[in-house]
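Here are a few short exercises to work through with the structure open beside you. Try each task before you read its solution.

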2 protein chains.
Amino acid sequence: MRRDIFQAIADPTRRAIIMLIAVQAMTPNGLASHFDTSRQAISKHLRVLQECDVVKAEPKGREIYYGLEIEKVNEIDEWVAQVRQVWETRFDQLDNVLDNLKNK
Amino acid sequence: MRRDIFQAIADPTRRAIIMLIAVQAMTPNGLASHFDTSRQAISKHLRVLQECDVVKAEPKGREIYYGLEIEKVNEIDEWVAQVRQVWETRFDQLDNVLDNLKNK
DNA sequence: TATATGCGCAACCTTTTGGTTTCACAAAAT
DNA sequence: ATTTTGTGAAACCAAAAGGTTGCGCATATA
């Protein structure tokens, strides 16, 4: 399944996971202790996060630490910036129209 | 149903709608002409976008123009900034640890 | 007035999502 | 060597998502 970062952050639990591992890498069990669901459910969320490279797995013995890939978060910023840029350009155009009116 | 902005931007079609109306307010039919789906499907997306205040409806005769509420986009930024801040603080803490080691 | 247009809403259907339970397996601990 | 612990994967399930078609209603247009 083709995932993207926007789908990844759509779920509140996944956003909370991201926030937690922003502090430090954590294991599935460690993460699950902060939520009201099973470890398996958290593992599923981690898989989604992995599929779009928001999260990286680092095995340590029989534990697996999941760490945040902060660069991926930039993709969100980029889109938001694009929207804002389009929005502001629109006002520039309006300004131009108003300037033209004033100059007549 | 309780929606939030993150769910709103999860769908690619909705992100495209947001980008389009960032340029100028548009009607459902006007929007639908840019996509490969029915007007009703676009209307459903608009309803989702309305429910989390990303979009505002402005009736004009029998047409309804949907315009972007740019302020809502800031909520995305805020969350991203929060993640980044936590992430960077983490490194500050590591720096502190390293500083302490160096001072011994 | 009759007709065409633009729209929202409801019913329906299929696929996806998010959860659970159960299992197998590797790595630690006993 | 046996048991405990940490994990991913698979099967299953209910709910939600995203699409369609068909409708009714209000507003333009003829």
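The exercises below use a predicted model, and each is followed by a worked solution.

**Exercise 1. Find the salt-bridge partner of Glu51(A), and work out which parts of chain A the pair ties together.**

Solution. Start with the side chain of Glu51(A): it forms a salt bridge with Arg3(A), with the closest N and O atoms 2.7 Å apart. Next, place both residues. Glu51(A) belongs to helix 4 (residues 39–51) of chain A, while Arg3(A) sits in the segment before helix 1 (5–8), so the pair ties together parts that are 48 residues apart in sequence. Now widen the view: Arg3(A), Arg47(A) and Glu51(A) are linked in a network of salt bridges. Finally, check the cover over Glu51(A). Its relative accessibility is 29%, and because buried means under 20% and exposed over 50%, Glu51(A) counts as partly exposed.

**Exercise 2. Turn to chain B and describe the salt bridges that Glu51(B) forms with Arg3(B) and with Arg47(B).**

Solution. Take Arg3(B) to begin with: its side chain meets that of Glu51(B) in a salt bridge of 2.8 Å, N to O. Arg3(B) lies in the segment before helix 1 (5–8) of chain B and Glu51(B) in helix 4 (residues 39–51), so this pair ties together parts 48 residues apart in sequence. Then look at Arg47(B), which also forms a salt bridge with Glu51(B), the closest N and O atoms being 4.0 Å apart. Both of these residues lie in helix 4 of chain B, 4 residues apart, about one turn of the helix. Over all chains, the salt bridges come to 10.

**Exercise 3. Work out how strand 1 and strand 2 of chain B are joined.**

Solution. Locate strand 1 (residues 55–60) and strand 2 (residues 63–68): they run antiparallel and are joined by 6 bridges. Follow the partners across: Val55(B) is bridged to Leu68(B), and Glu58(B) to Tyr65(B). Then look at the turn. The two strands form a hairpin with 2 residues between them, and Gly61(B) in the turn has a positive phi of about 65°.

**Exercise 4. Identify the residues of the negative surface patch and of the nonpolar surface patch on chain A.**

Solution. Begin with the charges: Glu88(A), Asp92(A), Asp95(A) and Asp99(A) form the negative patch. Glu88(A) lies in helix 5 (residues 70–102), and so does Asp99(A). Glu88(A) is partly exposed at 43%, as is Asp99(A) at 36%. The nonpolar patch consists of Phe91(A), Leu94(A), Val97(A), Leu98(A) and Leu101(A), with about 450 Å² of accessible area together. Leu94(A) is in helix 5 of chain A and is partly exposed, with 43% relative accessibility.

Note on methods. Residues are numbered from 1 along each chain as its sequence is written. Chains are lettered from A and ligands numbered from 1 in the order in which they are written. This is a predicted model: local features need pLDDT of at least 70, side-chain atom pairs count only at pLDDT 80 or more; totals for chains, interfaces and linings use all residues. Side-chain values use heavy atoms; hydrogens and water are left out. Patches are made of residues with over 30% relative accessible area and no salt bridge: like charges are joined within 9 Å, nonpolar side chains (Val, Leu, Ile, Met, Phe, Trp, Tyr) within 5 Å. Accessible areas come from the Shrake-Rupley method with a 1.4 Å probe; for residues, only the protein chains shown count as cover. Lys and Arg count as positive and Asp and Glu as negative; His and the chain ends are not counted. The place of a charge is taken as NZ of Lys, CZ of Arg, CG of Asp or CD of Glu. Buried means under 20% relative accessible area, exposed over 50%, partly exposed in between (1.4 Å probe, protein chains only). Two strands pair if DSSP finds at least two bridges between them.
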